[in-house]
Amino acid sequence: MTRTTSKGVISAAMLSVLASTAGAEIGDKLVVNGDLELTVEAPAPAFMADTGIKTIYSGWLFRDPDTQKIEMDDFDNPGMLYVDQGAEMWNTPAGTSNKSCADCHGDATETMAGVRATYPKWNEAAGVVRSLQGQIEFCRTEHQGAEPWKYAKAEINAMEAFISMQSRGMPVNVAIDGPAQSTWEQGREIYYTRYGQLELSCANCHEQNYDHYIRSDHLSQGQINGFPVYRLKDTQLTTASGRFVGCVRDTRAETFKADSAEFTALELYVASRGNGLSVEGVSVRH
């Protein structure tokens, strides 16, 4: 893997594709189904003081009005089809245990409320930080005795979507201290590491050049409070780790695997940059 650890200036190869500031319509309100207003801007976490970013913004603010409107109505949001699929799987027995998620966890609207807002998180029994998909996979294989789903693929994405919906509207609040701190620091290092032939880091696009265009894409701050995301260009749901895979590949580098410890660490760090924004459940992006 080609990489250079640096907080340096974006590579010259990419300067030609960055246009002038596009002007995100900061202040627009995201109200879902006409009654649930989500927080799309908030004060930046204290650890971001040295970045110069004082306010954090949901990626929803950087989308065109037509895309924004799709997320504002669950009937129009194609990501809701995955939520329905996840709800069905929640109540379906699986594996050698012949138990469903509901058999252990009961009504998801009660037991899963707030869960998505705190992941990735430290798992004391395992002695590691787990992403929500990592925890789903553990429950499926160890508690249900079922065959594992493929990480960042349709089935597990649908289950993550269903669980995430139970936290919609709640503020992201991932812990970065205590035993999770070393993983968070690893994620921060990855965030500022330049990868591939283009020598680009996450920070080059989402910290130093957000609200600009890179070719036809309006760069956001890279917040993941909206994940899992229905991407219109792909016509499918994608998760944070799945997007990380695509971003690193776009730098023309060999990427980490979606279920790697590296991407779990990166997910923890990036999630913490969005502490205070609302969990959007299943968002819609280009």
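1. Which residues does Pro 171 touch, not counting residues up to four places away in sequence? In this predicted model, Pro 171 lies in the loop between α7 (154-165) and α8 (181-191), and the residues it touches beyond that sequence window are Ala 117, Gly 276, Leu 277 and Ser 278. The C-alpha atom of Pro 171 is also separated by 8.9 Å from that of Gly 274, although these two residues are 103 residues apart along the chain.

2. The helix that follows this loop, α8, packs with helix α11 (residues 261-272) at an angle of about 90°, their axes being 7 Å apart. Because angles of 65 to 115 degrees count as roughly perpendicular, α8 and α11 are described as roughly perpendicular to each other. On the α8 side the contact includes Trp 184, Arg 188, Ile 190 and Tyr 191, while α11 contributes, among others, Glu 262, Leu 266, Tyr 269 and Val 270. By class, this contact of α8 with α11 has eight nonpolar, four polar and two charged residues.

3. The largest nonpolar core has 29 residues, of which Tyr 191, Phe 263, Leu 266 and Val 270 touch the most other members. Two or more residues of this core come from each of α8, α10 (240-250) and α11, with α11 giving the most, namely six residues.

4. Phe 263, leaving aside its neighbours within four places in sequence, is in contact with Ser 241, Phe 244, Val 245, Val 248, Thr 255, Phe 256, Lys 257 and Ala 258. Apart from the largest core lies another one, of 24 residues, including Tyr 82, Met 89, Ala 102 and Tyr 230.

Terms used
Residues are numbered from 1 along each chain as its sequence is written. This is a predicted model: local features need pLDDT of at least 70, side-chain atom pairs count only at pLDDT 80 or more; totals for chains, interfaces and linings use all residues. Side-chain values use heavy atoms; hydrogens and water are left out. Helices (H or I, at least four residues) and strands (E, at least two) are DSSP runs, numbered from the N terminus. Contact means heavy atoms within 4.5 Å. Axes are lines fitted to C-alpha atoms, for helices over the stretch in contact, and angles run from 0 to 180 degrees between N-to-C directions. Angles under 35 degrees count as roughly parallel, over 145 as roughly antiparallel, 65 to 115 as roughly perpendicular and the rest as oblique. Ala, Val, Leu, Ile, Met, Phe, Trp, Tyr, Cys and Pro count as nonpolar, Asp, Glu, Lys and Arg as charged, and the others, Gly among them, as polar. A nonpolar core is a set of buried Ala, Val, Leu, Ile, Met, Phe, Trp, Tyr and Cys residues joined through side-chain atoms within 4.5 Å. Buried means under 20% relative accessible area, exposed over 50%, partly exposed in between (1.4 Å probe, protein chains only).
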